[in-house]
Amino acid sequence: MSNKTPPAGKSEAAGTDTLDRQNTNAKLESLEQFRADGTGQALRTNHGVKISDNQNTLKAGPRGPSLLEDFIMREKITHFDHERIPERIVHARGTAAHGFFETYEDHSALTKAGFLRDPSKKTPVFVRFSTVQGPRGSGDTVRDVRGFAVKLYTDEGNFDLVGNNMPIFFIQDAIKFPDFVHAVKPEPHNEIPTGGSAHDTFWDFVSLVPESAHMVLWTMSDRAIPKSLRTMQGFGIHTFRFVNGEGKGTFVKFHWKPKFGTCSLVWDEAQKLAGKDTDFHRRDLWESIEMGDYPEWELGVQIVPEEDEHKFEFDLLDPTKIIPEELVPVTPLGRMVLDRNPDNYFAETEQVAFCPGHIVPGIDFSNDPLLQGRLFSYTDTQISRLGGPNFHEIPINRPIAPNHNGQRDAQHRTRIDKGRASYEPNSIDGGWPKETPSAPIDGGFETYPERVDAHKVRERSESFSDHFSQATLFFNSMSHAEKEHIIAAYSFELGKVEREYIRARQVNEILANIDLELASRVAANLGLPAPTKGTVSVKPSSLKESPALSQMNLLSGDIKSRKVAILVANGVDGKAVAALQKALKAEGAHAKVLGPTSAPVKTADGQTLAVDASQEGLPSVAFDAVWVPGGADSIKALSADGVALHYLLEAYKHLKAIGISKDGKALLEALRLKEDAGLLVGDDDSTIKAFIAAIAKHRVWDREPAAKAIPA
Ligand code: HDD
């Protein structure tokens, strides 16, 4: 509690703040002044002068030299010259959306944070998703961690939950972050590779730093190639603290669980998409919002009472560890819906500034040394990225809560502060703005008074020293297919490492301590001897498996918002197309009719059928499933069309649901594909039903061995 007495006048908590809470909507509307629309407006200079000619520079005669006095041209070119700002050192490639958060109920027993107490309140949010390694123009579907940064504009100030789609991190102490980032970023001599970790400096570093073992395993898993941004889980990673109105603290870990389920691409698909549609993830996010398939997540927390802090086999402060959900289940708090695309990429997505240090009363930090370092780094980076300390005034960063204080001036100051006193205490301006004492609700922020009694040391706690038991737990929790993907990913990445001693070190000193089968399989693929034992003694986790870690258990169970390609040519059975479209629509899925070209086709009964795109224009990697309706002529044409044949083959190899009319059996024979749980032949309702059920399973995993034998 503050020991300073506020100068005479009512406390802000009792007066203006309550009023502001009621006026949140009015404030949101006031942000509207920053959204500009030029419709119906004259073209003008930045200083308001109407422009009569935007085509020609002022010249001395039509063929003469340009004149320096052309203030219109000079203003335009000067502004253009400075259009780019430094991209983020990490997480440069991102995409974002607006939405809201609402709490399911009053969680005041846990926290006094207002946005988690009032179920009638919709708190605006802005969420930016990102890859980590690549620059702004890099591909969306590379193997990488995804950033999951949420800005909640609460009545009590902005709360930024700056997390990732994986629940742990590569390093335990922030002082190692520059080393880690230098190692993973493109190599300094040739700036290769763009958007990937398959190179020597990354594997050199992680093979020398065993604390990275668990997180590297996650990045070699399917989690690093998410199907879409709306099918990713999000995590706050660090242990945070909730503080309730009585000042009681509780440790929490934040989780975002997606309504559309958690699922991934397959590796070949991810690589192809990186070329065929660099914008695959941002396009999906954008389109799903435009189509009304609003991405949605449930926010939950794992709750650990303070007295249980030391009850685990790992340290709650160690960011390379999860709390298995089987030990502490996730308690749902509320939901977040993204329902509006930004108006302007630069003004919003590029200029948004997240800082883990942006918290509100009711939430506090833990002593996780990675989190502690982050509290410094983010504000510092915004100063150079956004050009000064006033980045909070950029519309996307403005809190909806008032933010009066004595901070003044500096570059890009936009607010015109009235009053004489830019210091506190003051008597000239009636003492305003004043401190607000901490209170059970609506009070000023007060740091949780954790007792600290220690020596100053540069040391890593002994409780942070186990780097492998949870990596083994993760590997053991994977399905057969997921394990195979992990083995393939290590083999692929290490196969690109030029120095054999780095490959060998990763296999012998890291993988062998996680799982000997994993190590030997990767060793065999690299032509290295298989290790027979690990290099350190690891006390295994007492939990053998954590089913919550396998994506096989995290599907939504329906096919809402899934995309199905219907391949047609002249002579297609138009009624069959309509029946499938109707069935898919009823399930909330989206069908697109794809022809040999973008031109309409003629159905068997002579009707004209519009097509959405050509098969070449929207390749199979852009879809979840493919259907080939009947019609003898259509099948005949598709059977002789290399693009259509490749379409089916590729969907088959990527383990997607495929439905083919009985008329189309010849197509399967031509491709030598066999029916299976997801490759269905038939035209009746029961085939459509089975097709829908196969899409809901996301992939036909049992097909994987057969699919591998088919040419790429
Ligand atoms: Fe970080 C950006 C997530 C550790 C320093 N980080 C950044 C973003 C995300 C994360 C999602 C992009 C935000 C946006 O969309 O604008 N970072 C994490 C997570 C970490 C983590 C989940 C560990 C649990 N980061 C971390 C450390 C440091 C940084 C330890 C420095 C000591 N991170 C930065 C940064 C960035 C950043 C350099 C680049 C751009 C920015 O901050 O705004 O300051």
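Biologist: Let's start with one residue: is asparagine 164 buried or exposed?

Modeller: Keep in mind that this is a predicted model. To read burial, look at the relative accessible area: under 20% counts as buried. Asparagine 164 comes out at 6%, so it is buried.

Biologist: Where does asparagine 164 sit?

Modeller: You'll find asparagine 164 in strand β4, which covers residues 157-164. Leaving out residues up to four places away in sequence, asparagine 164 touches His91, Val145, Arg146, Gly147, Phe148, Phe169, Gln233, Gly234, Phe235 and Ile237.

Biologist: Which residues does the UniProt "active site" annotation cover?

Modeller: An annotation comes from a record, so treat it as a label placed on the model. The UniProt entry, which is unreviewed, puts "active site" on His91 and Asn164. They are spread over 74 residues of sequence but cluster in space, with a largest C-alpha distance of 10.5 Å.

Biologist: And what is histidine 91 in contact with, leaving aside its neighbours within four places in sequence?

Modeller: Histidine 91 is in the loop between α3 (71-81) and β1. Its contacts are Arg128, Ser130, Thr131, Val132, Gly147 and Asn164.

Biologist: Let's turn to strands. How do I read their pairing?

Modeller: Here's the general idea: strands of a sheet pair through backbone hydrogen bonds, either parallel or antiparallel. In this structure, take strand β1, residues 94-103: β1 and β2 pair in the antiparallel sense over eight bridges. Glycine 99 stands opposite valine 125 in β2.

Biologist: Over how many bridges do β2 and strand β3 pair?

Modeller: Seven, and again the sense is antiparallel; β3 takes in residues 146-154. Here serine 130 stands opposite glycine 147 in β3.

Biologist: Why is strand β2 described as largely enclosed by the rest of the structure?

Modeller: Count the buried residues along the strand. In β2, residues 123-131, nine of the nine are buried, so the strand is largely enclosed by the rest of the structure. Then check each face: one side has Thr123, Val125, Val127, Phe129 and Thr131, the other has Pro124, Phe126, Arg128 and Ser130, and both are covered.

Biologist: What is the order of the strands in the open sheet of six?

Modeller: Read across it strand by strand: β15-β12-β11-β16-β17-β18, with parallel pairing. At the edges are β15 (613-614) and β18 (679-681), each pairing on one side only. Inside that order, strand β16 (residues 625-628) is joined to strand β17 (residues 657-660) by four bridges. Valine 628 has isoleucine 660 in β17 as its bridge partner.

Biologist: Which residues is isoleucine 695 in contact with, leaving aside its neighbours within four places in sequence?

Modeller: They are Ile559, Arg562, Val564, Asp624, Ala625 and Ala657. Isoleucine 695 belongs to helix α19, residues 685-696, and is buried at a relative accessible area of 2%. Sequence distance can mislead you here: aspartate 624 is 71 residues away along the chain, yet the two C-alpha atoms are separated by 7.0 Å.

Biologist: Next, the metal. Which donor from the protein does the iron atom of the ligand have?

Modeller: Look for protein atoms that reach the metal. For this iron there is a single one, the OH of Tyr378, 1.8 Å away. Tyrosine 378 is part of helix α10, residues 369-385.

Biologist: Which residues touch the most other members of the largest nonpolar core?

Modeller: Trp203, Tyr490 and Leu518, out of 50 residues in that core. Several helices supply at least two residues each, among them α4 (177-184), α5 (200-208) and α12 (480-495). The helix giving the most is α13, with six residues. Both domain 1 (59-216 + 234-397) and domain 2 (468-553) contribute, so the core lies between them. As for tyrosine 490, its contacts beyond four places in sequence include Trp203, Leu217, Met220 and Leu518. There is also a second, separate core of 34 residues, which includes Leu229, Met232, Phe242 and Phe365.

Biologist: What separates the centres of domain 1 and domain 3?

Modeller: 38 Å, taken over C-alpha atoms. Domain 3 covers 563-707. Centres are one thing and contacts another: 14 residues of domain 1 are in contact with 13 residues of domain 3.

Methods. Residues are numbered from 1 along each chain as its sequence is written. This is a predicted model: local features need pLDDT of at least 70, side-chain atom pairs count only at pLDDT 80 or more; totals for chains, interfaces and linings use all residues. Side-chain values use heavy atoms; hydrogens and water are left out. Two strands pair if DSSP finds at least two bridges between them. Buried means under 20% relative accessible area, exposed over 50%, partly exposed in between (1.4 Å probe, protein chains only). Donors are N, O and S atoms within 2.8 Å of the metal (3.2 Å for Na, K and Ca); water is not among the atoms, so sites may look incomplete. UniProt positions are given in the numbering used here, feature names are shortened, and annotations may be inferred rather than shown by experiment. Contact means heavy atoms within 4.5 Å. A nonpolar core is a set of buried Ala, Val, Leu, Ile, Met, Phe, Trp, Tyr and Cys residues joined through side-chain atoms within 4.5 Å. Domain bounds come from an automatic or database domain assignment.
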